[in-house]
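Hello,

Here is the structure I promised to pass on, with some notes to help you find your way around. Have a look at it first, and then read on.

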Amino acid sequence: MAKVHVSNVRLLQNPAPYSDEFNFYVSFDAMEDLSEELNWKLVFVGSSDTEKNDQVLEDVMVGPIVKGPNEFILNAPGPDHTLIPAQDVLGVTVVLLICTYKDREFIRVGYYVNNDYASEEDRENPPQSIAIERVVRSVLVEQPRVTTHSIDWD
């Protein structure tokens with residue numbers, strides 16, 4: 001039986017300029033005190049072709065974890081577009097919120113992200129090189145993809 005049940009994940013600003021930080025409110029219930037901290041990681045998928053363009057935007061330990069409700073805000077910088085192939089900066093990608101306990105992943109929450117120019121003029125006639133300051137990311141928060149795994153909690 002899982003010792004942690006994630007009850008709410010909410011992105012606090014959406015849509016947002018591409019380079020702005022992500023701020024996720026996370027709440028969860030611990031069924032008992034945990035002997036170790038939880039590791040929360042936010043990963044921005046840079047390209048569907050390879051993982052080498054994925055960026056770990058934040059990797060934090062949260063704890064101590066006590067029985068009952070727990071909550072925190074995960075602040076992570078926006079992705080660095082210069083580390084992503086130019087053809088993959090605009091369009092649809094994914095951001096993943098992953099939690100592990102004792103290096104064992106027990107939940108992954110994925111969101112589709114659409115990156116596009118804010119103005120209709122830029123969308124219809126995009127600049128020759130990416131003008132990242134004019135790009136907005138929109139996270140499809142209404143349809144998260146949640147994957148849970150049973151792990152050995154001891």
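Let us start with Arg 108, which counts as partly exposed at 28% relative accessibility. Its side chain meets that of Glu 105 in a salt bridge, with 2.9 Å from N to O. Please keep in mind that this is a predicted model.

A second pair to look at is Arg 134 and Asp 122, whose side chains form a salt bridge at 2.8 Å, N to O. Arg 134 sits in the loop between α2 (120-124) and β9 (135-139), while Asp 122 belongs to helix α2 itself, so this contact ties together parts that are 12 residues apart in sequence. The two partners differ in their surroundings: Arg 134 is partly exposed, with a relative accessible area of 35%, whereas Asp 122 is buried, at 10%.

Then there is a small group to explore. Lys 3, Glu 32 and Asp 154 are joined into one network by salt bridges that share partners. Within this network, the side chains of Lys 3 and Glu 32 meet at 3.1 Å, N to O. Lys 3 comes from the segment before β1 (4-11) and Glu 32 from the loop between β3 (22-30) and β4 (38-44), so the pair links parts that lie 29 residues apart in sequence. Lys 3 is buried, with a relative accessible area of 14%, and Glu 32 is partly exposed, with 35%.

And how many salt bridges does a search of the whole structure find? The count is 4.

Enjoy exploring it!

Best wishes

Note on methods. Residues are numbered from 1 along each chain as its sequence is written. This is a predicted model: local features need pLDDT of at least 70, side-chain atom pairs count only at pLDDT 80 or more; totals for chains, interfaces and linings use all residues. Side-chain values use heavy atoms; hydrogens and water are left out. Helices (H or I, at least four residues) and strands (E, at least two) are DSSP runs, numbered from the N terminus. Buried means under 20% relative accessible area, exposed over 50%, partly exposed in between (1.4 Å probe, protein chains only).
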